[in-house]
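Dear colleague,

Please find below the structure that I am handing over to you, together with its sequence. My notes on it follow directly after.

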Amino acid sequence: MNRALWLTLFFAACGPEQQQVERSVTPAVIDEPQVASATAAPLTGFPCDVREVLQANCASCHTGQTYSPHFFTREDLLQPQFTQSLAQRIQPTADSPMPPRAMERQPTAAERQVLEAWIAAGLPAGECGALSP
Ligand code: HEC
């Protein structure tokens, strides 16, 4: 409990400022659900916007029969095989960019930004599931 709250409670206990006590106690009650969610299972999926971009631009090859290497989950992409080259390969100016130049479907500027921000942040987990073939 913070110091201001202690002081408020202390003075409230000595005086008729019941109203103020109720107001200052409210934030502590609101905090409870956050404490509870901190103990919930940690996220392991893709952030949903990232999953959408990967599904639209990468899944056709990287989850399919024709090409390897495969990735379906965030855990797959955390393999050094991918982390070592991901940031570089998604640049359209790369020697051999991903998706390859020959692909008609190229990421939009906004989609690239989503991927770049996610990679720069260290591939943080999110709430959305594996890519589908
Ligand atoms: C046309 C099919 C195709 C698409 C679409 C595609 N890739 Fe690839 N990707 C490949 C193939 C084939 C390889 C393996 C050969 C190579 O490294 O160029 C590869 C390799 C990679 C690698 C390097 C893996 C390694 O072992 O070095 C990364 C990282 C990668 N892709 C990421 C992506 C991402 C991210 C997307 C979407 C933005 C994407 N790819 C879209 C076919 C594709």
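How far does a polar side-chain atom of Arg-89 lie from an oxygen atom of the ligand? The distance is 2.6 Å. Please bear in mind that this is a predicted model.

Surroundings of the ligand

The ligand occupies the largest pocket. Helix 4, helix 6 (80-83) and helix 7 are the elements that contribute two or more residues to the shell around the ligand. In total, 19 residues surround the ligand, and the closest are Cys-58, Cys-61, His-62, Arg-89 and Met-98. Two further polar approaches may interest you. A polar side-chain atom of Gln-81 is 3.0 Å from an oxygen atom of the ligand, and a polar side-chain atom of His-62 is 2.7 Å from a nitrogen atom of the ligand.

The iron site

The iron atom of the ligand has two protein donors, His-62 through NE2 and Met-98 through SD, at 1.9 to 2.1 Å. These two residues bring together distant parts of the chain, being 36 residues apart: His-62 belongs to helix 4 (residues 59-62), and Met-98 to the loop between helix 7 (86-89) and helix 8 (109-120). Six donor atoms surround the iron atom, and the arrangement is octahedral because the angles they subtend run from 86 to 179°. The two protein donors can also be described by their accessibility. His-62 has a relative accessibility of 15% and therefore counts as buried, the cut-off being under 20%. Met-98, at 27%, counts as partly exposed.

Backbone features

Met-98 appears again here, since the peptide bond that joins Met-98 and Pro-99 is cis, with omega about -5°. Pro-99 is located in the loop between helix 7 and helix 8. Another cis peptide bond runs from Ser-68 to Pro-69, with omega near 5°; Pro-69 lies in the loop between helix 4 and helix 5 (74-77). Leu-123 is not a glycine, yet its phi is positive, at about 55°. Leu-123 is placed in the segment after helix 8 and, at 6% relative accessibility, counts as buried.

A side-chain contact

Asn-57 lies in helix 3 (residues 48-57). The relative accessibility of Asn-57 is 5%, so this residue counts as buried. The side chain of Asn-57 makes a polar contact of 3.0 Å with the side chain of Arg-105.

With kind regards

Note on methods. Residues numbered from 1 in each chain as written. Predicted model: local features only at pLDDT ≥ 70, side-chain atom pairs only at ≥ 80, totals over all residues. Heavy atoms only, no water. Donors = N, O, S within 2.8 Å, 3.2 Å for Na, K, Ca; no water. Tetrahedral: all angles 85-135°; square planar, octahedral: opposite > 155°, others 65-115°. Helix = DSSP H or I, 4+ residues; strand = E, 2+ residues; numbered from the N terminus. Buried < 20%, exposed > 50% of the residue type's maximum accessible area, 1.4 Å probe, protein only. Near = heavy atom within 4 Å. Polar contact = N/O pair within 3.5 Å; in protein donor to acceptor, adjacent residues only side chain to side chain. 1 Å grid on protein atoms, 1.4 Å probe; cavity = no way out; pocket = protein on both sides within 12 Å on 5 of 7 lines; lining within 4 Å. Sits in = over half its atoms within 2 Å of the grid points.
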